[in-house]
Amino acid sequence: MAASVWKNLLQTMKERILQQRRASLYVGAHGYEEELVKKKLQQFPGGSINLSKGDNGIGILILNNPKLMNAFTGTMMLELQERVTELENWKDGKGLIIYGAGNTFCSGSDLNAVKAMSNSQDGMNMCMFMQNTLTRLMRLPLISVALVQGKAIGGGAELTTACDFRLMAPGSEIRFVHKHMGLVPGWGGAARLVRMVGSRAALQLLSGAARVDPQRALCLGLSEETLSSSDGTKALEEAQVWLSQYTEGPASVIQAVKKVVTVGRELPLEDALRTEKDIFGTVWGGPANLQALVRRPKHN
Ligand SMILES: CCC(=O)SCCNC(=O)CCNC(=O)[C@H](O)C(C)(C)COP(=O)(O)OP(=O)(O)OC[C@H]1O[C@@H](n2cnc3c(N)ncnc32)[C@H](O)[C@@H]1OP(=O)(O)O
């Protein structure tokens with residue numbers, strides 16, 4: 001009995017490690033040494049990334065460094081990675097809302113840390129670390145929403161693009177200010193933005209470091225909806241109601257839906273089709289499918 005429990009536990013751990021490796025863009029072969037990067041990021045403390053997982057299957061992730069407009073310190077980058085790992089392993093999860101403390105989203109990387117890490121090697125390492133984390137965030141089998149209140153600037157704007165949807169509060173803005181910092185996005189924000197709004201609009205937003213207000217974001221397809229309230233609590237409630245229209249149902253089915261969309265977006269057609277078949281196999285004949293067959297629902 002004990003031996004089989006251990007065997008299952010080991011198998012689950014192996015699967016999780018493999019899943020994380022598959023999801024990581026950069027590994028040792030790319031000159032990426034994660035443990036060294038982590039040690040470096042540890043030197044820039046402050047703020048936190050807080051996660052609460054609701055019984056309704058919706059997680060709430062808060063970027064919490066309001067004194068610096070929720071700028072990402074080194075330890076916040078490390079904590080984001082830990083929270084993403086926790087979400088990857090959340091069997092009952094269906095959705096995720098990300099927002100910033102103090103009624104503003106995020107002002108990008110902490111400029112104090114950026115200054116201290118302005119050499120090329122540190123910059124590349126931080127870039128690979130954040131791309132790994134945000135790619136895993138984007139690929140979570142959860143439907144994710146960035147709730148943008150106040151400002152989403154620089155890396156904060158990039159983070160919004162790692163979510164499936166963006167909802168903007170009145171008066172908020174998304175702004176890729178990188179050009180004004182003598183930079184381009186490095187957390188994967190440019191690649192995701194191009195896929196979202198097309199290359200012409202992406203070029204305008206990046207080269208003009210343009211302020212994107214809720215109305216322009218709607219027109220560009222960058223935002224789904226403008227919320228009616230900019231009050232923190234009300235905006236979060238609205239975002240939860242909005243998201244719940246997509247998270248109703250069993251977690252296994254919602255997660256499968258997100259997975260087929262992710263592979264459809266990321267893989268060449270034939271690989272996507274084969275993977276879709278495998279994901280289909282996880283729900284076909286499953287409890288939700290069998291119950292539906294008994295109920296024989298009509299869809300009119
Ligand atoms: C991945 C690469 C990147 O992220 S590049 C982009 C890096 N981010 C930036 O350049 C944003 C710089 N900050 C700003 O432009 C403004 O502070 C914004 C975010 C527009 C907010 O303006 P405002 O509402 O007037 O507030 P404020 O400037 O008084 O800021 C309050 C305190 O927060 C600080 N703060 C803000 N952002 C950062 C940041 N990224 N890193 C470090 N500190 C930041 C401000 O310096 C200010 O601090 P203090 O009260 O003056 O001590």
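Burial is a good place to start: in this predicted model, 44% of the 300 residues of the protein count as buried. The exposed surface amounts to about 16000 Å², with carbon and sulfur atoms supplying 57% of that area. In overall dimensions, the C-alpha trace spans about 60 × 50 × 40 Å along its principal axes. The radius of gyration is 20 Å, which agrees with the value near 19 Å that a compact globule of 300 residues would have. Contacts tell us about the chain path as well: among those with a separation of 6 or more, 73% join residues 24 or more positions apart. As for charge, the protein carries 34 positive and 27 negative charges, and the mean positions of the two sets lie 3 Å apart.

The secondary structure comprises 13 helices and nine strands. Strand β4, residues 143-148, makes a convenient entry point to the strands. Six of its six residues are buried, so β4 is largely enclosed by the rest of the structure. Its side chains can be followed in two sets: I143, V145 and L147 point one way, S144, A146 and V148 point the other way, and all are buried. Two partners of β4 can be described here. Strand β3 (residues 95-100) pairs with β4 in the parallel sense over four bridges, and within this pairing L96 stands opposite S144. Strand β6 (residues 165-168) also runs parallel to β4, joined to it by four bridges; here the bridge partner of V145 is F165. Residues S144 and V145, which provide these two reference points, belong to the sets that point in opposite directions from β4.

Elsewhere, strands β5, β7 and β8 form an open sheet of three strands in the order β5-β7-β8, with mixed pairing. Its edge strands are β5 (151-153) and β8 (211-212), each of which pairs on one side only. Strand β7, residues 173-175, meets β8 in the antiparallel sense over two bridges. A handy landmark in this pairing is I174, which stands opposite V212 in β8.

Earlier in the sequence comes a hairpin, built from β1 and β2 with four residues between them. Strand β1 covers residues 48-53 and strand β2 residues 58-64, and the two pair in the antiparallel sense over six bridges. S48 of β1 has N64 of β2 as its bridge partner. In the turn, G57 has a positive phi of about 85 degrees.

Conventions
Residues numbered from 1 in each chain as written. Predicted model: local features only at pLDDT ≥ 70, side-chain atom pairs only at ≥ 80, totals over all residues. Heavy atoms only, no water. Rg over C-alpha atoms; globule rule 2.2 N^0.38 Å. Buried < 20%, exposed > 50% of the residue type's maximum accessible area, 1.4 Å probe, protein only. Contact = heavy atoms within 4.5 Å. Areas by Shrake-Rupley, 256 points an atom, 1.4 Å probe, with all protein chains shown as cover. Lys, Arg positive; Asp, Glu negative; His and termini not counted. Charge placed at Lys NZ, Arg CZ, Asp CG, Glu CD. Pairing = 2+ DSSP bridges.
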